[in-house]
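Colleague: Before I plan anything around these two chains, I would like to go through the model with you. Please keep the answers short.

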Amino acid sequence: MKKTLYFLLVFTFGLSSCEKDDICDANTATTPRLIISFYDIKTPSVKQNVTRLKVVGKDQPEGIIFNEGGTDVTKYLTSGDSIAIPLKTNEDSTTFSFILNSDNPNPQLANTDEITFNYSRQNVYVSRACGFKTIYKLNTQIPFVKTDSGTDGIWMQDVRVNNPNIEFENETHVKIYF
Amino acid sequence: MSKYIFSICLLFTVFLIQAQEIATDTVKKEIRKTKPKTTVQTAETITDSVPVKKDRYGLRVGVDLYKLTRGFYDKDYKGIEFVGDFRLTKKYYIAAELGIEDKTTDDDRLNSTATGTYIKGGFDYNMYNNWLDMENLITVGLRGGFSTFSQELNSYKIYNPDQYWGEIPVNTDGAKYTGLTAAWAEVAVGMKAKVFNNVFVGFGVQLKLLLANKDPDGFENLYIPGFNRTYDGSFGVGFNYTVSYFIPLYKKQVIIPEAEKKAPKK
């Protein structure tokens, strides 16, 4: 009788100890980033690498980190043909500055364009551990506004929406031709 | 999960060993008492020498003290559970639990409140062999459970792996989901001991398997009254600590198998 009592006690304590064991798995699809791919304006079907592009969110002191292992300067730069940038989850528009040749010693060669993305948001339940995620839909009327900041001209010759539904990160949402 | 299964197996082995020990003990006693008599006297007197043992049958009603007292120290919980069982045969009892719960679950990213009532019904099998007029129980049983409840999402956080725009404020525009139901089956293991007169104290653990669960649109049932916290699979666990009162209704004479065998020989 006593033995049983102890076993039952141990059993119940054993159960209570495995209560908080859930962590949001990194592979879970949560809030997606905006995927932008760069294309050649002369041959629009061919992807083209950008040169030392830096993307800075409006009113943010630092750029978006593209290269975790880089130095204080190079970690904000990318020379690839696509980027993933985070949109604000608590506002319906986000503005970014796209600075091409950003670390060029000759500041004349750096070219900054600004894009404001306009979208609607939806909060979707994921799981107990992950909570909710935000998915976006670019506005159909004015999905983005492109402006030249300064007088250096526009380096993005064309910007097109490829997929207005920003739900996953495995597809291109916006294409930029230059 | 294998951990639980192992613990349960351990639990059952203990029950088995104990049950057998006690059983052999009583049999030995019986034989010792009766054997010398059979050699000297006739079988007729043997049946007379066995004292008449009567089992009491009736209804036992009680309350779960764990749920009742939890409301005093846990501000996120209010609940009560009534328990009852009725003795059908020597070993079998019909058992039922009826409860109401109001539980706020505070996870890292979600805060929700589940409120509702539940009913569980089934049977208990007493594996404990009592001596003389003892009325203790070590039971295994099965239950079917059903709950009807509502769930309110109080606040939630957006999970964003990219922290570029800083920490996102907590959202409090959650909704209330009503008309939710769930059904489950459970294996209940427990014990009850008579402390004085007709008052019993007992505790038990339950392993639950969710059979049907109506999740709200765009959310999930994180806590089901009676079933408790939901896990990724459909398993759940429960615990109760009861105090109950036995209302005796009638008595039945206990037939001792040893005496029964001897009697027809005469």
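Colleague: In what order do the elements of chain B run from the N terminus on?
Modeller: This is a predicted model, and in it the secondary structure of chain B comes to four helices and 10 strands. From the N terminus on, the elements of chain B run α-α-β-α-β-β-β-β-β-β-β-β-β-α.

Colleague: What share of the contacts in chain B with a separation of 6 or more comes from residues 24 or more positions apart?
Modeller: Chain B has 266 residues, and buried residues make up 27% of them. Of the contacts with a separation of 6 or more, the share from residues 24 or more positions apart is 64%.

Colleague: Is Tyr156(B) buried or exposed?
Modeller: Tyr156(B) lies in strand β5 of chain B, residues 137-156. The cut-off for burial is 20 or more other C-beta atoms within 10 Å. Tyr156(B) has 21 such neighbours, so it counts as buried.

Colleague: Which residues of chain A is Tyr156(B) in contact with, leaving aside neighbours within four places in sequence?
Modeller: In chain B, the contacts of Tyr156(B) are Arg109(B), Leu110(B), Asn171(B) and Gly174(B). From chain A, the contacts are Gly131(A) and Phe132(A).

Colleague: Which strand gives the most to the largest nonpolar core?
Modeller: The largest nonpolar core has 25 residues, and Leu34(A), Ile36(A) and Leu53(A) are among those with the most contacts inside it. Strands of chain A that each supply at least two residues include β1 (34-39), β2 (53-57) and β6 (111-127). The strand that gives the most, with five residues, is β1(A).

Colleague: How many residues are in the second, separate core?
Modeller: That core includes Ala114(B), Tyr177(B), Tyr223(B) and Phe227(B). Its number of residues is 10.

Colleague: Why do β4 and β9 of chain A each have one side without a neighbour in the sheet?
Modeller: Four strands of chain A form an open sheet with mixed pairing, in the order β4-β1-β11-β9. The two strands in question stand at the edges, so each has a single partner strand. These edge strands are β4(A) and β9(A).

Colleague: Which residue of β4(A) is the bridge partner of Ile36(A)?
Modeller: β1(A) is joined to β11(A) by four bridges, and these two strands run parallel. Four bridges also join β1(A) to β4(A), but this pair runs antiparallel. On β4(A), the covered face holds Ile83(A) and Ile85(A), while Ser82(A) and Ala84(A) are on the uncovered one. The bridge partner of Ile36(A) is Ile83(A).

Colleague: Is Asn197(B) buried or exposed?
Modeller: Asn197(B) is in the loop between β6 (176-196) and β7 (199-213) of chain B, and has a positive phi of about 40° although it is not a glycine. Most residues other than glycine have a negative phi. The cut-off for exposure is 12 or fewer other C-beta atoms within 10 Å. Asn197(B) has 8, so it is exposed.

Colleague: Over which residues of chain A does pLDDT stay under 50?
Modeller: Chain A averages a pLDDT of 85, and 88% of the residues score at least 70. Where pLDDT is low, the predicted coordinates should not be read in detail. In the stretch you ask about, the model has zero contacts beyond four places in sequence. The stretch with pLDDT under 50 is residues 17-21 of chain A.

Notes:
Residues numbered from 1 in each chain as written. Chains lettered and ligands numbered in written order. Predicted model: local features only at pLDDT ≥ 70, side-chain atom pairs only at ≥ 80, totals over all residues. Contact = placed C-beta atoms within 7 Å. Core = buried A, V, L, I, M, F, W, Y, C linked by C-beta atoms within 7 Å. Pairing = 2+ DSSP bridges. pLDDT = per-residue confidence, 0-100.
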